[in-house]
Amino acid sequence: FRSLTGYDAKELARLPVSSYTHPDDAAMVASSLRRLLRGAITFYRLETRMIRKDGGTVWVDCYVTLTGPIDDEPPAALAMVQDITSRKLTEVLLEEQNARLSRVMETRDEIAAADFGLDEAARLVAERAKELTDSESATVSILDEGERLVNVVIGEADATAHVDVPLLHRGREVGSRSIAKEAGVTDDDRRI
């Protein structure tokens, strides 16, 4: 627990649980602890966040139960805490990817249902690419036998980091999609 929180044993002995509980989880943890102490439940298990001494956040799977009083001592809580930060971060990433994939499928269905010409379809794909990647710009080009039929640019075209992705149809390149981001800003910077 000391390594998870960054506090030493003396600090932990005098700190209330609320001091290292994430503010968004404080009410849930306090409610569970109160119910345990008044005997309404015999244990509780929560997935919650703790704030480390250095200000970082760690996700934990926490199982808490009371031990019986010994020699007129008040009951004590016994907690088993497991670091699940990497699992929770993976879950968040999967949720984000599923949401993006769902949006891509909606775009595909929207294009299929509408009577779009190449220009309108390319514009919609560019707008969705910009939105889904949180990019400054997106470019979609439609090719026919190597000849560019459509070229749509959405947003600022002078961003510093570019990624080009071919658009394939039945194994043949029929266009490309390009997205651009401002240098130095990562998805992690935006997420936290």
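**A buried residue has under 20% relative accessible area, an exposed one has over 50%, and a partly exposed one falls in between (1.4 Å probe, protein chains only).** Welcome to this predicted model, in which residues are numbered from 1 along each chain as its sequence is written. Local features need pLDDT of at least 70, side-chain atom pairs count only at pLDDT 80 or more, totals for chains, interfaces and linings use all residues, and side-chain values use heavy atoms, with hydrogens and water left out.

**The whole protein, before we zoom in.** The protein has 6 helices and 7 strands; these are DSSP runs numbered from the N terminus (helices: H or I, at least four residues; strands: E, at least two). Read from the N terminus, the elements follow the order α-α-α-β-β-β-α-α-β-β-β-β-α. Of the 192 residues, 27% are buried. A contact here means heavy atoms within 4.5 Å. Among contacts with a separation of 6 or more, 40% are between residues 24 or more positions apart. The accessible surface (Shrake-Rupley method, 1.4 Å probe; for residues, only the protein chains shown count as cover) adds up to about 12800 Å², and carbon and sulfur atoms supply 53% of that.

**A close-up of Met105 and its nonpolar neighbours.** Which residues make up the nonpolar patch on the surface here? They are Leu101, Val104 and Met105, and together they offer about 240 Å² of accessible area. Such patches are made of residues with over 30% relative accessible area and no salt bridge, with nonpolar side chains (Val, Leu, Ile, Met, Phe, Trp, Tyr) joined within 5 Å and like charges within 9 Å. Met105 belongs to helix H4, which spans residues 85–113. Its relative accessibility is 31%, so Met105 counts as partly exposed.

**A close-up of Ser32 in helix H3.** You will find Ser32 in H3, the helix of residues 26–37. Is Ser32 buried or exposed? Ser32 counts as buried because its relative accessibility is 9%. Leaving aside residues up to four places away in sequence, Ser32 touches Ile41, Tyr44 and Leu46.

**A close-up of the strands S1, S2 and S3.** Strands S1 and S2 run antiparallel and are joined by 9 bridges; two strands pair if DSSP finds at least two bridges between them. Tyr44, which we met as a residue touched by Ser32, has Val64 in S2 as its bridge partner. The hairpin of S1 and S2 has 5 residues between the strands, and there Gly55 takes a positive phi near 95 degrees. S2 also runs antiparallel to strand S3 (residues 76–83), with 8 bridges joining the two. One of the pairings is that of Leu66 with Ala77 in S3.

**A close-up of Glu11 and Lys53, joined by a salt bridge.** Side chains of opposite charge can pair when their charged atoms come close. A salt bridge is counted when a side-chain nitrogen of Lys or Arg lies within 4 Å of a carboxyl oxygen of Asp or Glu. The whole structure contains 8 of them. In the pair shown, Glu11 and Lys53 meet at 2.7 Å, N to O. The pair links distant parts of the chain, 42 residues apart: Glu11 sits in helix H2 (residues 9–14), and Lys53 in the loop between strand S1 (43–51) and strand S2 (57–67). Glu11 is buried at 14% relative accessible area, whereas Lys53 is partly exposed at 45%.

**A close-up of Asp25 and Arg49, another salt-bridged pair.** How far apart are the closest N and O atoms of Asp25 and Arg49? The distance is 2.8 Å. Asp25 is in the loop between H2 and H3 and Arg49 is in strand S1, so the pair ties together parts 24 residues apart in sequence. Both Asp25 and Arg49 are buried.

**A close-up of Asp61 and Arg45, with a network to look for as well.** The closest N and O atoms in the salt bridge of Asp61 with Arg45 are 2.5 Å apart. This pair links strand S2, home of Asp61, with strand S1, home of Arg45, across 16 residues. Asp61 counts as buried at 10% relative accessibility, while Arg45 counts as exposed at 57%. Elsewhere, salt bridges with shared partners join Glu47, Arg87, Lys88 and Glu91 into one network.

**A close-up of the chain end, residues 185–192.** The predictor's confidence in each residue is its pLDDT, from 0 to 100. The protein averages 79, and 78% of the residues score at least 70. Which element has the lowest mean pLDDT? That is helix H6 (residues 187–191), with a mean of 40, while S1 has the highest, 95. Over residues 185–192 the pLDDT stays under 50, and the model has 9 contacts beyond four places in sequence for this stretch. Where pLDDT is low, the predicted coordinates should not be read in detail.
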